[in-house]
Amino acid sequence: MRLFPSSRIRRQATAALAQGDRPLAVAALAEGGSAIATRTAVVVAGADGVEWRRPWHEVDRGAWDDDAGAITLRWVDGSGTALTLAPRHRRRFLEVFREQVQSSVVHVERLEIPDGVTVRAVIRRAEDGGLLSQVLADGPVPVSAAPEIDALEARSRRAVGLPG
């Protein structure tokens, strides 16, 4: 199977990327343009170039809706972006998307706080190769949980050799 949907999209993808980055998978978008998974980021490009670019450490997860043919990208800031992928090359893009998100995760620790909220301390590899920590919650976090969450993050940072 070819990596790119067409030579036009290959040119579009290559022109949209930062110097030294390369596309690992490209899928045409139903609404026009391309979704591009690179070594360092997920990119959406149109005829006029890059519409947006987000490094992998900013992606929390993706959720595929087979009926809609769309992936919803969930960002670590809690927002989301839906991309409707054209049928061809969808599978390769989704595989690479998953691999790149997972490969940015170095270490994860979880904490259940009152009211059933799960908090995750995640150590991620940034675009420049350095490590950073993120604290993510799947619901509202009471202020009273701050000491436990701070300890969770410090433990996670120490586990990978970062200062706590």
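Let me begin with Ser 104, which lies in helix H2, and let me say straight away that what we are looking at is a predicted model. Ser 104 has a relative accessible area of 4% and is therefore buried, since the cut-off for that term is under 20%. Its side chain is joined to the side chain of Arg 124 by a polar contact of 2.7 Å. If we leave aside the neighbours within four places in sequence, Ser 104 is in contact with Trp 56, His 57, Ile 123, Arg 124 and Arg 125.

In the same way, please look at Val 101, which is also found in helix H2 and which, at 10% relative accessibility, counts as buried. Not counting residues up to four places away in sequence, Val 101 touches Trp 56, Val 59, Asp 60 and Arg 124. The C-alpha atom of Val 101 is separated by 9.9 Å from that of Thr 40, although the two residues are 61 residues apart along the chain.

Trp 56 has now come up twice, so to speak, and I would like to follow it. Again without residues up to four places away in sequence, the residues that Trp 56 touches include Ala 37, Val 42, Phe 97, Gln 100, Val 101, Ser 104 and Arg 124. Trp 56 also belongs to the largest nonpolar core, which has 19 residues, and the ones with the most contacts inside that core are Trp 56, Val 59, Leu 83, Leu 85, Phe 93 and Phe 97. At least two residues of this core are supplied by each of strand S1 (23-28), strand S2 (34-38), strand S3 (41-46), strand S6 (70-75) and H2, and it is H2 that gives the most, with four residues. There is a second, separate core of eight residues, which includes Ile 113, Val 119, Ala 121 and Ile 149.

Now to the sheets, and to how helix H2 sits against them. Three strands form an open sheet in the order S5-S6-S7, with antiparallel pairing. S5 and strand S7 (80-84) stand at the edges with a single partner strand each, so one side of each is left without a neighbour in the sheet. On average, and with direction ignored, neighbouring strands of this sheet are turned by 20° against each other. Strand S5 (residues 59-65) pairs with S6 over six bridges; within that pairing Gly 62 has Leu 73 as its bridge partner, and Val 59 stands opposite Trp 75. The two strands form a hairpin with four residues between them, and Gly 69 in the turn has a positive phi of about 65°. H2 lies across S5 and S6, running at about 155° to S5.

Which strands make up the other open sheet, with the order S8-S9-S10? These three strands pair in the antiparallel sense, and the edge strands are strand S8 (105-113) and strand S10 (131-137), each pairing on one side only. From one strand to the next, the twist averages 15°. Strand S9 (residues 117-125) is joined to S10 by seven bridges, and Val 119 has Ala 137 in S10 as its bridge partner. Helix H2 (residues 90-104) packs on this sheet too, touching S8 and S9, with its direction making about 75° with that of S8. Helix H3 (residues 146-159) packs on the sheet as well, touching S8, S9 and S10, and its direction makes about 155° with that of S8.

How values were computed
Residues numbered from 1 in each chain as written. Predicted model: local features only at pLDDT ≥ 70, side-chain atom pairs only at ≥ 80, totals over all residues. Heavy atoms only, no water. Pairing = 2+ DSSP bridges. Axes fitted to C-alpha atoms, helices over the stretch in contact; angles between N-to-C directions. Contact = heavy atoms within 4.5 Å. Buried < 20%, exposed > 50% of the residue type's maximum accessible area, 1.4 Å probe, protein only. Polar contact = N/O pair within 3.5 Å; in protein donor to acceptor, adjacent residues only side chain to side chain. Core = buried A, V, L, I, M, F, W, Y, C linked by side-chain atoms within 4.5 Å.
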